[in-house]
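Work through the exercises below with the sequence and the model at hand. Each task is followed by its solution.

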Amino acid sequence: AHHHDDHAAPARRAPRLPSPAMALVSVALGLALLLALVLWARLDAFFALLLTAAAVGLMNGMGPLAVLDAVLRGLGGTLGGVLLVLVFGAMLGKLLE
């Protein structure tokens with residue numbers, strides 16, 4: 001019984017390769033986790049979102065370091081954008097005074 005894609009799989013691979021269906025399931029689970037953390041555990045929404053992002057990344061077969069890197073890069077990009085908006089808003093506020 002020789003599988004047609006045996007040669008394509010590297011020797012060292014993630015234990016589970018996520019399919020699109022698995023990715024959707026993990027996002028749904030992540031959403032449920034997020035709601036549970038915020039509504040029942042009364043966790044701060046920011047921390048709940050960080051934990052959920054990490055959980056979804058791990059469920060999709062990313063390594064812990066890859067998850068951390070992705071979350072930090074996403075945070076950096078978002079915070080950079082928010083900071084620019086705040087700075088320009090403050091400048092505009094000063095100009096309108």
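The exercises go from the overall fold to two single residues of this predicted model.

**Exercise 1.** Determine how many helices and strands the protein has, and in what order its elements run.

Solution. Step 1: the count comes to 3 helices and 0 strands. Step 2: read from the N terminus, the order is α-α-α. Step 3: among contacts with a separation of 6 or more, 45% join residues 24 or more positions apart.

**Exercise 2.** Work out whether serine 26 is buried or exposed, and find its contacts.

Solution. Step 1: serine 26 belongs to helix H1, which spans residues 20-40. Step 2: its relative accessibility is 0%, so serine 26 is classed as buried, the cut-off being under 20%. Step 3: beyond its neighbours within four places in sequence, serine 26 touches Val56, Met59 and Asn60. Step 4: with asparagine 60 there is a polar contact between the two side chains, at 2.8 Å. Step 5: for the protein as a whole, buried residues are 12% of the 97 residues.

**Exercise 3.** Work out whether phenylalanine 88 is buried or exposed, and find the surface patch that it helps to make.

Solution. Step 1: phenylalanine 88 is located in helix H3, residues 64-96. Step 2: phenylalanine 88 counts as exposed because its relative accessibility is 52%, and the cut-off is over 50%. Step 3: together with Leu83, Leu84, Val87 and Met91, Phe88 makes a nonpolar surface patch of about 510 Å². Step 4: the protein exposes about 7,800 Å² in total, with 75% of that area supplied by carbon and sulfur atoms.

Key:
Residues numbered from 1 in each chain as written. Predicted model: local features only at pLDDT ≥ 70, side-chain atom pairs only at ≥ 80, totals over all residues. Heavy atoms only, no water. Helix = DSSP H or I, 4+ residues; strand = E, 2+ residues; numbered from the N terminus. Buried < 20%, exposed > 50% of the residue type's maximum accessible area, 1.4 Å probe, protein only. Polar contact = N/O pair within 3.5 Å; in protein donor to acceptor, adjacent residues only side chain to side chain. Contact = heavy atoms within 4.5 Å. Patch = residues over 30% accessible without salt bridge, like charges linked within 9 Å, V, L, I, M, F, W, Y side chains within 5 Å. Areas by Shrake-Rupley, 256 points an atom, 1.4 Å probe, with all protein chains shown as cover. Salt bridge = Lys/Arg side-chain N within 4 Å of Asp/Glu carboxyl O.
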